[in-house]
Amino acid sequence: MPLDKYPFSEKYGWIQDKYGLSWQIVPSEMDEMMRKGTPEQLARVTKAFLKMKKFDLVKLQKAYKG
């Protein structure tokens, strides 16, 4: 089903290519934060991320650092 049928389609870095395949674009630094962070850091990054329509790496870094 096309992403535009889902309310989250414009959030969280999701795109859809011309073949109908869905992709999520994630900054490599965010991936590293999520792999190496403490539970508290992960909670802060997740909370910040869920408010974003587009990724704001500076805000994610600030959330990670506390």
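## Three helices and how they pack

The secondary structure of the protein chain consists of three helices and two strands, and the model in which they appear is a predicted one. Read from the N terminus on, the elements follow the order β-β-α-α-α. The protein chain has 66 residues, of which 23% count as buried. If one takes the contacts between residues at least 6 apart in sequence, 37% of them join residues at least 24 apart.

### The three helix pairs

The table sets out the geometry of each pair of helices.

| Helix pair | Axis distance | Crossing angle |
|---|---|---|
| Helix 1 and helix 2 | within 9 Å | roughly 140° |
| Helix 2 and helix 3 | within 7 Å | roughly 150° |
| Helix 1 and helix 3 | 11 Å | about 15° |

### Helix 1 with helix 2

Helix 1 spans residues 28-36, and its axis crosses that of helix 2 at roughly 140°. Angles over 145 degrees count as roughly antiparallel, and the angle of this pair makes helix 1 oblique to helix 2. On the side of helix 1 the contact is made by M30, M33 and M34, while helix 2 contributes L42, V45, T46 and F49. Sorted by class, the residues of this contact are six nonpolar and one polar, with no charged residue.

### Helix 2 with helix 3

Helix 2 covers residues 39-50 and helix 3 covers residues 57-65, and their axes come within 7 Å, crossing at roughly 150°. This angle makes helix 2 roughly antiparallel to helix 3, and the crossing of the two is right-handed. Which residues of helix 2 meet helix 3? They are Q41, R44, V45, A48 and F49, and their partners in helix 3 are L60, A63, Y64 and K65. The residues of this contact divide into six nonpolar, one polar and two charged.

V45 and F49 of helix 2 are listed in the contact with helix 3, and V45 and F49 are also listed in the contact with helix 1.

### Helix 1 with helix 3

The axes of helix 1 and helix 3 lie 11 Å apart, and the two helices pack at an angle of about 15°. With that angle, helix 1 is roughly parallel to helix 3, and the crossing of this pair is left-handed. Here E29, M30, M33 and K36 in helix 1 meet L57, L60, Q61 and Y64 in helix 3. By class, five of the residues in this contact are nonpolar, one is polar and two are charged. M30 and M33 of helix 1 take part in this contact, and M30 and M33 also belong to the contact of helix 1 with helix 2.

### Three residues of helix 2

A closer look at single residues adds detail to the picture of helix 2. Is Q41, a residue of helix 2, buried or exposed? Q41 has a relative accessible area of 17%, and because buried means under 20%, Q41 counts as buried. The side chain of Q41 reaches the backbone oxygen of Y64 at 3.3 Å, and both Q41 and Y64 are among the residues through which helix 2 and helix 3 meet.

A43 also has its place in helix 2, and with a relative accessible area of 47% A43 is partly exposed. Although A43 and A63 are 20 residues apart along the chain, their C-alpha atoms are separated by 8.9 Å.

K47, likewise found in helix 2, is exposed, with a relative accessible area of 56%. K47 and A63 are 16 residues apart in sequence, and their distance in space, C-alpha to C-alpha, is 8.5 Å. A63 itself is one of the helix 3 residues in the contact with helix 2.

Definitions and conventions:
Residues are numbered from 1 along each chain as its sequence is written. This is a predicted model: local features need pLDDT of at least 70, side-chain atom pairs count only at pLDDT 80 or more; totals for chains, interfaces and linings use all residues. Side-chain values use heavy atoms; hydrogens and water are left out. Axes are lines fitted to C-alpha atoms, for helices over the stretch in contact, and angles run from 0 to 180 degrees between N-to-C directions. Helices (H or I, at least four residues) and strands (E, at least two) are DSSP runs, numbered from the N terminus. Angles under 35 degrees count as roughly parallel, over 145 as roughly antiparallel, 65 to 115 as roughly perpendicular and the rest as oblique. A crossing is left-handed if the near helix is turned anticlockwise from the far one by less than a right angle, and right-handed if clockwise. Contact means heavy atoms within 4.5 Å. Ala, Val, Leu, Ile, Met, Phe, Trp, Tyr, Cys and Pro count as nonpolar, Asp, Glu, Lys and Arg as charged, and the others, Gly among them, as polar. Buried means under 20% relative accessible area, exposed over 50%, partly exposed in between (1.4 Å probe, protein chains only). A polar contact is a pair of N or O atoms within 3.5 Å; within protein, one must be able to donate a hydrogen and the other to accept it, and residues adjacent in sequence count only if both atoms are side-chain atoms.
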